[in-house]
Amino acid sequence: MNVSSTVLWNIVGWTAAAVVFELIRRRLFARPLAEVQEMMNKALKKHWRQTPLAADVPRLARKIAVHLPTKKLERHDEVVPAMELVFTGIAEHCSSAETVELIRAEFLEEAKHYGPHTVDHSRLAMDFVDKIYHSHTKCLNVLRLCCQDILAPAAIHLKRQFDEKASFKDMRGHWHIDIYLDDKDAIRVTHAKREQAFSYDEHEYFEFLWELTVQLTADYSQVSNVSIKITDLKFNDKMTQSRKDEIKAVMSEYLTPNLR
């Protein structure tokens, strides 16, 4: 075997070793979705006061739409009306009409104590859930799927999967949540979140939109299914094709067919 052949086979050997090492690394350090689901269920088992629910409801309410069998409750721009929409919209599916009206009346009464210009929306959420909403377990568990402690395991999962090859960070203001209560056998919440490259270097810059869908069991007690998909991917025009291909390869498991 001549020198050039030896060099070629060495390159092939090292390339194969690098591929195997990468596969092992991902297997050891990545968190499969089954583990992500397990972490979500651990979060659901906590008492609601030990979760970020009171802070997250007012922070995220304006980002939430509720899909019912006969209508869609659109997002509201003001915090208190948005909170009312979320609390009562979920209750329309989980409770009787009388209970929905009771929840609405109790929430509006609670809101009066804080006045129309209150900024203490977290306290309002805390007091209302503590007095009324916590006793409606199904409603509460649907609401809890909207919170940061449910999204976080999936976000960490993606960061570890992509590693330094496609490191990313949040894009502020680009997070929307849809609660789907239009199918009694598939209660699910979808988080849609846009992220951006950690680097602002135009040769490295990209953005992507990913969706996390979390489904509850028929008794509303725990998460039964988790899925992640990337539905949009954009690159800066100055990024090289080889770099685009590398990023797409890292994300390939989650890319929708039109992005592959």
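How are helix 4 and helix 6 oriented to each other, roughly parallel or roughly antiparallel? The model is predicted, so that local features need pLDDT of at least 70 and side-chain atom pairs count only at pLDDT 80 or more, while totals for chains, interfaces and linings use all residues. Residues are numbered from 1 along each chain as its sequence is written, and side-chain values use heavy atoms, without hydrogens and water.

Helix 4 spans residues 79-94 and helix 6 residues 121-131 (helices are DSSP runs of H or I, at least four residues, numbered from the N terminus). Their axes come within 11 Å and cross at roughly 25 degrees (axes are lines fitted to C-alpha atoms over the stretch in contact; angles run from 0 to 180 degrees between N-to-C directions). Helix 4 and helix 6 are therefore roughly parallel (angles under 35 degrees; over 145 counts as roughly antiparallel). Val79, Val80, Met83 and Phe87 of helix 4 meet His121, Leu124, Ala125, Phe128 and Val129 of helix 6 (contact means heavy atoms within 4.5 Å). The residues of this contact comprise eight nonpolar, one polar and no charged.

Helix 5 covers residues 97-114. Its axis lies 9 Å from that of helix 4, at an angle of about 160 degrees. Helix 4 is thus roughly antiparallel to helix 5. On the helix 4 side, the contact involves Val80, Met83, Glu84, Phe87, Thr88, Ala91 and Glu92. Helix 5 contributes Val100, Ile103, Arg104, Phe107, Leu108 and Ala111. Nine nonpolar, one polar and three charged residues make up the contact of helix 4 with helix 5 (Ala, Val, Leu, Ile, Met, Phe, Trp, Tyr, Cys and Pro count as nonpolar, Asp, Glu, Lys and Arg as charged, the others, Gly among them, as polar).

Key: Helix = DSSP H or I, 4+ residues; strand = E, 2+ residues; numbered from the N terminus. Parallel < 35°, antiparallel > 145°, perpendicular 65-115°, else oblique.
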